[in-house]
Amino acid sequence: MIDVLLVDDHPVVRSGYARLLEAGGDIRVAAEAPDAEAGYTAYVQCTPKVTVTDLSLPGSSGIELIRRIRARDASARVLVFSVHDEAVVVDKAIQSGACGFISKRSAPEVLLEAVRAVAKGERYFSEDVRRVVEHRSPDAEREVINALSAREFEVFRLLARGMSPAECAQMLNLSQKTVANYQALIKEKLNVNTSAALVHLALRLGVVSGTSPTQLLSPKDGDH
């Protein structure tokens, strides 16, 4: 039996995934969580065989959850299930320790196949994600994004969503001075000088979604 932890902020979605997975007969949903913090706590408590997580979560993202789980247990198997399947986001998830990545546009049986493959120690991509990864062109900006550490990427994502350094510090349980240092380092690595330029870059590369930088800069904006 494959024990699974489901992390998604929508209860109806979690319920649907749970029914789908348990219908497979060899998978049991051992725990569910609505955000990254609760997801990490649930992981520590139930040590599932596979963690299935969205990336767009309230507070810290799924990327941060992956980083924390893998820092605690290097053998942990984490599968990403997300609508954000841009190449740079897939790259960052894998770099942070994810073992697979499937699009939420995938057919239901793909989730079952992915969980079984990841549980066996295999790497798994849905066909649409595989095409995105295989056909991406060399891109200097993407390479720079990949050079950011998981923590730097998380701060970058939150800043690009319009959060202030103080809000980022509270969200990530860091000091404002630490976040300010991350902010300066991120701008230097990405070669941008302003917050607007940082948001434009995040939008162009699909790190956050939105229709305009102005919308992204709204503190009330969500990225899903």
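N173 is exposed, with a relative accessible area of 67%. In this predicted model, N173 sits in the loop between α9 (165-172) and α10 (176-190). Its phi is positive, about 60°, although N173 is not a glycine. Most residues other than glycine have a negative phi. T47 is a further case, with a phi near 35°, again positive in a residue other than glycine. T47 belongs to the loop between α2 (36-46) and β3, and at 53% relative accessibility it counts as exposed.

**The sheet**

The model contains an open sheet of six strands in the order β2-β1-β3-β4-β5-β6, with parallel pairing. Its edge strands are β2 (27-33) and β6 (124-125), each of which pairs on one side only. Helix α1 (residues 11-22) packs on this sheet and touches β1, β2 and β4, and its direction makes about 165° with that of β2. Helix α4 (residues 87-96) lies across β4, β5 and β6 and runs at about 150° to β5.

Strand β3 is joined to β1 (residues 2-7) by four bridges, and the two run parallel. One of the bridge partnerships links V7 with T53 of β3. Three bridges join β3 to β4 (residues 78-82), also in parallel, and V52 has L79 as its bridge partner in β4. Between these two strands the chain passes from β3 through α3 to β4, a β-α-β crossover that is right-handed. Strand β4 in turn is joined by four bridges to the parallel strand β5 (residues 100-103), where I102 stands opposite F81.

In a regular strand the side chains alternate between the two faces of the sheet. In β3, V50 and V52 point one way, while T51 and T53 point the other way. All four of these residues are buried.

**The loop after β3**

Which loop holds both a buried aspartate and a buried serine? D54 lies in the loop between β3 (50-53) and α3 (62-72), and S61 has its place in the loop between β3 and α3 as well. D54 counts as buried because its relative accessible area is 5%, and the cut-off for buried is under 20%. S61 is buried too, with a relative accessible area of 1%.

The side chain of D54 makes a polar contact of 3.1 Å with the side chain of K104. Apart from neighbours within four places in sequence, D54 is in contact with V7, D8, G62, F81, S82 and K104. Two of these residues appear in the strand pairing described above: V7, the bridge partner of T53, and F81, which stands opposite I102.

The side chain of S61 takes part in a polar contact of 2.6 Å with the side chain of E154. A polar atom of the S61 side chain also lies 3.1 Å from the backbone nitrogen of I63. With neighbours within four places in sequence left aside, the contacts of S61 are A36, L55, E154 and R157.

**R70 in helix α3**

R70 lies in helix α3. How exposed or buried is R70? Its relative accessible area is 26%, so R70 is partly exposed. A polar atom of the R70 side chain lies 2.7 Å from the backbone oxygen of G97. R70 and S96 are 26 residues apart in sequence, yet their C-alpha atoms are 7.9 Å apart in space. Not counting residues up to four places away in sequence, R70 touches A76, S96, G97 and C99.

The polar distances given above for D54, S61 and R70 are listed here.

| Side chain | Partner | Distance |
|---|---|---|
| D54 | K104, side chain | 3.1 Å |
| S61 | E154, side chain | 2.6 Å |
| S61 | I63, backbone nitrogen | 3.1 Å |
| R70 | G97, backbone oxygen | 2.7 Å |

Methods: Residues numbered from 1 in each chain as written. Predicted model: local features only at pLDDT ≥ 70, side-chain atom pairs only at ≥ 80, totals over all residues. Heavy atoms only, no water. Buried < 20%, exposed > 50% of the residue type's maximum accessible area, 1.4 Å probe, protein only. Polar contact = N/O pair within 3.5 Å; in protein donor to acceptor, adjacent residues only side chain to side chain. Contact = heavy atoms within 4.5 Å. Pairing = 2+ DSSP bridges. Right-handed = clockwise from strand over helix to strand, strands pointing away. Axes fitted to C-alpha atoms, helices over the stretch in contact; angles between N-to-C directions.
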